[in-house]
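Visitor: Could you walk me through this model? I'd like to start with how the chains sit together.

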Number of protein chains: 2
Amino acid sequence: MQLLEEKIRQDGQVLPGNILKVGSFLNHQIDVGLLDKMGEEIYRLYGKDRVTKILTIEASGIAIACMTARHFGVPVVFAKKSQSQNISGDVYSVKVESFTHKKVYDVVVSGEFLNAEDRVLIVDDFLANGKALIGLIDLVRQAGAQVVGAAIAIEKGFQGGGDLVRKQGIRVESLAIIEQMDSGEIRFR
Amino acid sequence: MQLLEEKIRQDGQVLPGNILKVGSFLNHQIDVGLLDKMGEEIYRLYGKDRVTKILTIEASGIAIACMTARHFGVPVVFAKKSQSQNISGDVYSVKVESFTHKKVYDVVVSGEFLNAEDRVLIVDDFLANGKALIGLIDLVRQAGAQVVGAAIAIEKGFQGGGDLVRKQGIRVESLAIIEQMDSGEIRFR
């Protein structure tokens, strides 16, 4: 998606350790108009796939998930990191290691909000080594639901997570795929 | 807001310890259409106040903040709980105790995203004892910015946080104020 690539080139900052800072528009400050256009593009890609729910993970996936769900007219479910007091009863649960925070989280979704009839589109802001996405796919399968595919804002192609999931036969559409950025300059796939 | 009160009566669950579960539409599964109508109502309340930014706190405030920002045409900034690797440089920071999780968090906003010219509307899903809201007001003031007011989805009136902040002369508009729910039945102000 050209608009997003331009925004990344213009406002993204590459930091040591393969970190891309896009806090000015995606995951700290949020450019809601841009995210709405991204949601529209995701609807163009998956609009005919009879999606019944959009699944994401807190916190920064929530914004893009909501701005996407608007176009689909379906609810968002966001998976929570670590079991909170307000989730009771049956839960689907998986352990996920965060690339950014170097921590392992319990990621949970209440059993009430995913079921075997659901056709789930997974939406997230970033895809790097794929740990979060693989965890979310696991949650959908625990519910007996169908994974329609994944829609990602920014995929770090060089970290391999996206291709790993594609090799499992799951459709992964990323609006921008970064092939290389280790020289500080960003090259898209 | 009648639509929200009806939804709370219909789908909200009262648990011991003054906990209201609204995970089916507000903070685990998200009814994006309802949140969009809530954003429209918040725009009706604050649309003439020259708001330049909407500030919320992760995670569950992000959805209502985004669906509100759409109507204002301004960015969302979400405060993060605990300093993350991806926030560098100058930050505004405050300690906030969570009612739900019984923990104290460092709540931070990068210095880049709030400045003295900003007129900030604080948006959140819940207002109980007011700790989070008071923390967010503190962050706005650290930036030298103006607090236009706060817009809250559900205020637990009986916990006093909203009235505490109103007494400081800050405008607080809650779309639903629960006066009492200790009998398991919900009574609105």
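Guide: What follows takes up the symmetry, the interface and some of the salt bridges.

Guide: This is a predicted model, in which local features need pLDDT of at least 70 and side-chain atom pairs count only at pLDDT 80 or more, while totals for chains, interfaces and linings use all residues. Residues are numbered from 1 along each chain as its sequence is written, chains are lettered from A and ligands numbered from 1 in the order in which they are written, and side-chain values use heavy atoms, leaving out hydrogens and water.

Visitor: What turn lays chain B on chain A?

Guide: A turn of 180° with a shift of 0.0 Å along the axis does so, at an RMSD of 0.0 Å, where copies are superposed by least squares on the C-alpha atoms of residues with pLDDT of at least 70 in both. The two copies are thus related as by a two-fold rotation axis. In chain B, the C-alpha nearest that axis belongs to B:Ala59, 2.5 Å from it.

Visitor: And how many residues does each chain put into the contact?

Guide: Chain B gives 38 residues and chain A gives 38 residues, with contact meaning heavy atoms within 4.5 Å. Together the chains bury about 3,300 Å², 60% of it on carbon and sulfur atoms; buried area here is the accessible area (1.4 Å probe) that two parts lose on being put together, summed over both.

Visitor: Which strands pair across the chains?

Guide: Strand β3 (residues 29–30) of chain A is joined to β5(B) by two bridges, and the strands run antiparallel; two strands pair if DSSP finds at least two bridges between them, and strands (E, at least two residues) and helices (H or I, at least four) are DSSP runs, numbered from the N terminus. Within β5(B), B:Val76 is the bridge partner of A:Ile30.

Visitor: OK, salt bridges. How many cross the interface?

Guide: Two are found between chain B and chain A, counting a side-chain nitrogen of Lys or Arg within 4 Å of a carboxyl oxygen of Asp or Glu. One of them links the side chains of A:Lys21 and B:Glu112 at 3.6 Å, N to O.

Visitor: How many over all chains, then?

Guide: The count over all chains comes to 28 salt bridges. Among them is the one between the side chains of A:Arg44 and A:Glu41, at 2.8 Å, N to O. Both A:Arg44 and A:Glu41 lie in helix α2 (residues 32–46) of chain A, three residues apart, about one turn of the helix.
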